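Colleague: I should be grateful for a close look at a single part of this model, with its charged and buried side chains set out in order. Please add whatever helps to place that part beside other features of the chain.

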Amino acid sequence: ASLLFLNQTISRTYSQNYPNGDFYYLIGDLSPTWGKSDYARFYNIAKLLGQKGFRTIINVAAATSDIHEAARNANTTAIIWNSHGADDGTVFDIKDAEVPRDAFAKNKSARLRFVLFANCYGYNSIDYYHIGGSTLGVGWRGETDSDLFFSYLRSKDFLRDLKKAFGKSLKKK
């Protein structure tokens with residue numbers, strides 16, 4: 001009985017602290033120039049997401065298995081994927097391995113509402129990785145860089161896209 005009580009208490013505390021679920025920031029294969037400064041730039045975004053009721057989870061060395069884990073986590077509501085991207089939409093994990101086409105969609109969380117492909121040609125990644133239905137996909141049409149990525153994250157467009165993705169299910173903390 002005590003284990004059941006503990007699980008219910010943890011679940012209730014989680015949903016009070018993170019009413020909008022888990023927001024993953026996964027980083028695959030990027031050039032060595034992505035470093036401490038970009039990681040530090042994400043701090044304010046993570047803080048904003050926390051204030052908006054998300055639990056932010058950052059993985060700076062994401063493999064395909066990490067994508068599967070994030071996409072299938074029942075609490076996952078949003079994912080940012082950042083890596084190199086090919087013009088057909090293919091992205092690459094930390095091992096420079098091509099991420100399989102079903103990585104983001106197969107057995108995905110029913111709560112997943114937002115996927116941002118921060119890679120070059122991220123707009124093509126939306127179709128390539130079967131993002132759609134109740135999940136809003138966002139990405140760039142051509143090449144991009146860290147400055148464009150962080151400009152978007154600090155913009156009203158990002159908040160507008162989150163509201164569009166979550167609709168009335170976006171809860172206030």
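Modeller: The account below begins with one helix and then turns to a salt bridge between strands, a buried threonine and two loop residues. The model is predicted, and the description should be read in that light.

The part chosen is helix 6, which spans residues 156–166. At the start of this helix, a side-chain oxygen of Ser155 comes to within 3.2 Å of the backbone nitrogen of Asp157. After the helix comes Gly167, with a positive phi near 55°.

Between these two ends, the residues of helix 6 can be sorted by their exposure. Phe158, Asp161, Leu162, Ala165 and Phe166 are buried. These residues lie on the same side of helix 6, because the arc they cover around the axis is only 120°. On the other side of the helix, Lys156, Lys163 and Lys164 are exposed.

The charged side chains of helix 6 deserve separate attention. Side chains of opposite charge can pair when their charged atoms come close. Arg160 and Asp157 meet through their side chains in a salt bridge, at 2.9 Å from N to O. Both residues belong to helix 6 and stand 3 residues apart, about one turn of the helix. Arg160 also forms a salt bridge with Asp161, where the closest N and O atoms are 3.0 Å apart. Asp157, Arg160 and Asp161 are thus linked in a network of salt bridges.

The members of this network can also be described by their accessibility. Arg160 has a relative accessibility of 47% and therefore counts as partly exposed. Asp157, at 38% relative accessibility, is likewise counted as partly exposed. Asp161, in contrast, is buried, with a relative accessible area of 9%.

The count for the model comes to 4 salt bridges. One of them lies outside the helix: the side chains of Arg55 and Asp22 meet at 2.9 Å, N to O. Arg55 is in strand 2 (residues 55–59) and Asp22 is in strand 1 (residues 22–27), so this pair ties together parts that are 33 residues apart in sequence. Arg55 is partly exposed, with a relative accessible area of 31%, whereas Asp22 is buried, with a relative accessible area of 0%.

Asp22 leads on to Thr76, a residue of strand 3 (residues 76–82). Thr76 is buried, and its relative accessible area is 0%. Leaving aside neighbours within four places in sequence, Thr76 is in contact with Asp22, Tyr24, Ala70, Ser109, Arg111 and Leu112. Asp22 is therefore both a partner of Arg55 in a salt bridge and a contact of Thr76.

Two loop residues complete the account, and both concern the backbone. Most residues other than glycine have a negative phi. Asp96 has a positive phi of about 60° although it is not a glycine. Asp96 is found in the loop between strand 3 and strand 4 (114–117). His130, another residue other than glycine, has a positive phi near 60°. His130 belongs to the loop between helix 4 (122–128) and strand 5 (136–139). At 48% relative accessibility, His130 counts as partly exposed.

Methods: Residues are numbered from 1 along each chain as its sequence is written. This is a predicted model: local features need pLDDT of at least 70, side-chain atom pairs count only at pLDDT 80 or more; totals for chains, interfaces and linings use all residues. Side-chain values use heavy atoms; hydrogens and water are left out. Helices (H or I, at least four residues) and strands (E, at least two) are DSSP runs, numbered from the N terminus. Buried means under 20% relative accessible area, exposed over 50%, partly exposed in between (1.4 Å probe, protein chains only). Contact means heavy atoms within 4.5 Å. The arc is that of the directions from the helix axis to the C-beta atoms. A polar contact is a pair of N or O atoms within 3.5 Å; within protein, one must be able to donate a hydrogen and the other to accept it, and residues adjacent in sequence count only if both atoms are side-chain atoms.
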